[in-house]
Amino acid sequence: MLALDPGRPRVTVGRSPASELPLTTDEEVSRLHAVLECVGTHWTIVDDGLSRNGTFVNGDRISGRRRLRHGDSIRIGGTLLTYDEFGAAIDEATMVAASTPNVRSLTETQRSVLMALCRPYKHGAAFANPASNQQIAAELFLSVDTVKTHLRALFTKFGVEDLPQNQKRVRLAERAMHSGVVNARDL
C-alpha cells in the first residue's frame, strides 16, 4: 500500500528499485513505467510511451494522462493496483493505491476456472450469468468438487467471500474482468 501525498506530487512507478513505487519482481514492467502526479487536487497517472507493455485503467490502455477516480483498477504489467480515496471530500481526500490479486498470484488452474466462469460474458453479453460449477468442470475436465475448491480460494483472493452465496459468482466475474485479470482475449 502506498499513501499518495500532495506534498510529494510526483511518484514514479517502475521495475527500477529507485522508483517510489517499485514493482521489481514484475518482468512486464519497464524500469520507468508510469508516473502518478497530483494536478491541483486530483491524482492522475501518466504513461507517455515510457513503457513497453502499456498502462491500463479499468481495462483500457492509456496514452498520456488519465485522471484517477475512486475504485479505478490500474494494471501495470502483471500487477494490479486499486486507486482509493479516503478521508475528506473527494477534492481534499488522501489517495491510496493498494494491490489487488494479479495474474501471477493465481495458480494456472485457478486462472482457468476464472476464465471458464467468465466465458458467458464474451462479446459483452449484458444479461449473461457466470458459468455453473458443472459447466466449468466439463470444460476443464475437473471434478465439481475441485471446481468448488478453486472457487472458494478465488472468492477469498478477490474479497467476495463474505457476500451472500447467490452474489459471489457474479461479483467474482465482475471483479476479475474489471481488474483486467480476465480480458476479452481470454474468453
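**Exercise 1. State where Asn133 is found, whether Asn133 is buried or exposed, and which residues Asn133 is in contact with.**

Step 1. Asn133 is found in helix α2; helices (H or I, at least four residues) and strands (E, at least two) are DSSP runs, numbered from the N terminus.

Step 2. The model is predicted: local features need pLDDT of at least 70, side-chain atom pairs count only at pLDDT 80 or more, and totals for chains, interfaces and linings use all residues. Residues are numbered from 1 along each chain as its sequence is written, and side-chain values use heavy atoms, with hydrogens and water left out.

Step 3. Asn133 has 15% relative accessibility and therefore counts as buried. Buried means under 20% relative accessible area, exposed over 50%, and partly exposed in between (1.4 Å probe, protein chains only).

Step 4. Apart from neighbours within four places in sequence, Asn133 is in contact (heavy atoms within 4.5 Å) with Val144, Val147, Lys148, Leu151 and Arg169.

**Exercise 2. Locate Ala128 and describe its surroundings.**

Step 1. The loop between α1 and α2 (133-140) holds Ala128.

Step 2. With a relative accessible area of 19%, Ala128 is buried.

Step 3. When neighbours within four places in sequence are set aside, Ala128 is in contact with Pro120 and Tyr121.

Step 4. Val170 is 42 residues from Ala128 in sequence, and the C-alpha to C-alpha separation of the two in space is 9.6 Å.

**Exercise 3. Describe how helices α1 and α3 are placed relative to each other, and which residues meet.**

Step 1. Two packed helices are described by the angle between their axes and the distance between the axes.

Step 2. For helix α1 (residues 108-118) and helix α3 (residues 144-157), the axes come within 10 Å and cross at roughly 85 degrees. Axes are lines fitted to C-alpha atoms, for helices over the stretch in contact, and angles run from 0 to 180 degrees between N-to-C directions.

Step 3. The helices α1 and α3 are therefore roughly perpendicular to each other. Angles under 35 degrees count as roughly parallel, over 145 as roughly antiparallel, 65 to 115 as roughly perpendicular and the rest as oblique.

Step 4. From α1, Thr109, Gln110, Val113, Leu114 and Leu117 meet His150, Leu151, Ala153, Leu154 and Lys157 of α3.

Step 5. Sorted by class, this contact has 6 nonpolar, 3 polar and 1 charged residues. Ala, Val, Leu, Ile, Met, Phe, Trp, Tyr, Cys and Pro count as nonpolar, Asp, Glu, Lys and Arg as charged, and the others, Gly among them, as polar.

**Exercise 4. Find how many salt bridges the whole structure has, and examine those of Glu37 and Glu174.**

Step 1. The whole structure contains 4 salt bridges, each a side-chain nitrogen of Lys or Arg within 4 Å of a carboxyl oxygen of Asp or Glu.

Step 2. One of them joins Glu37 to Arg10, with the closest N and O atoms 2.8 Å apart. Glu37 lies in strand β4 (residues 34-39) and Arg10 in strand β2 (residues 10-14), so the pair ties together parts that are 27 residues apart in sequence.

Step 3. Glu37 also forms a salt bridge with Arg65, where the closest N and O atoms are 2.8 Å apart. Arg65 belongs to strand β8 (residues 64-67), and this pair links distant parts of the chain, 28 residues apart.

Step 4. Glu37 counts as buried at 16% relative accessibility, whereas Arg10 is partly exposed at 44% and Arg65 is partly exposed at 48%.

Step 5. Glu174 forms a salt bridge with Arg171, the closest N and O atoms being 3.2 Å apart. These residues are 3 residues apart in helix α4 (residues 165-179), and so are separated by about one helical turn.

Step 6. Salt bridges that share partners join Arg10, Glu37 and Arg65 into one network.
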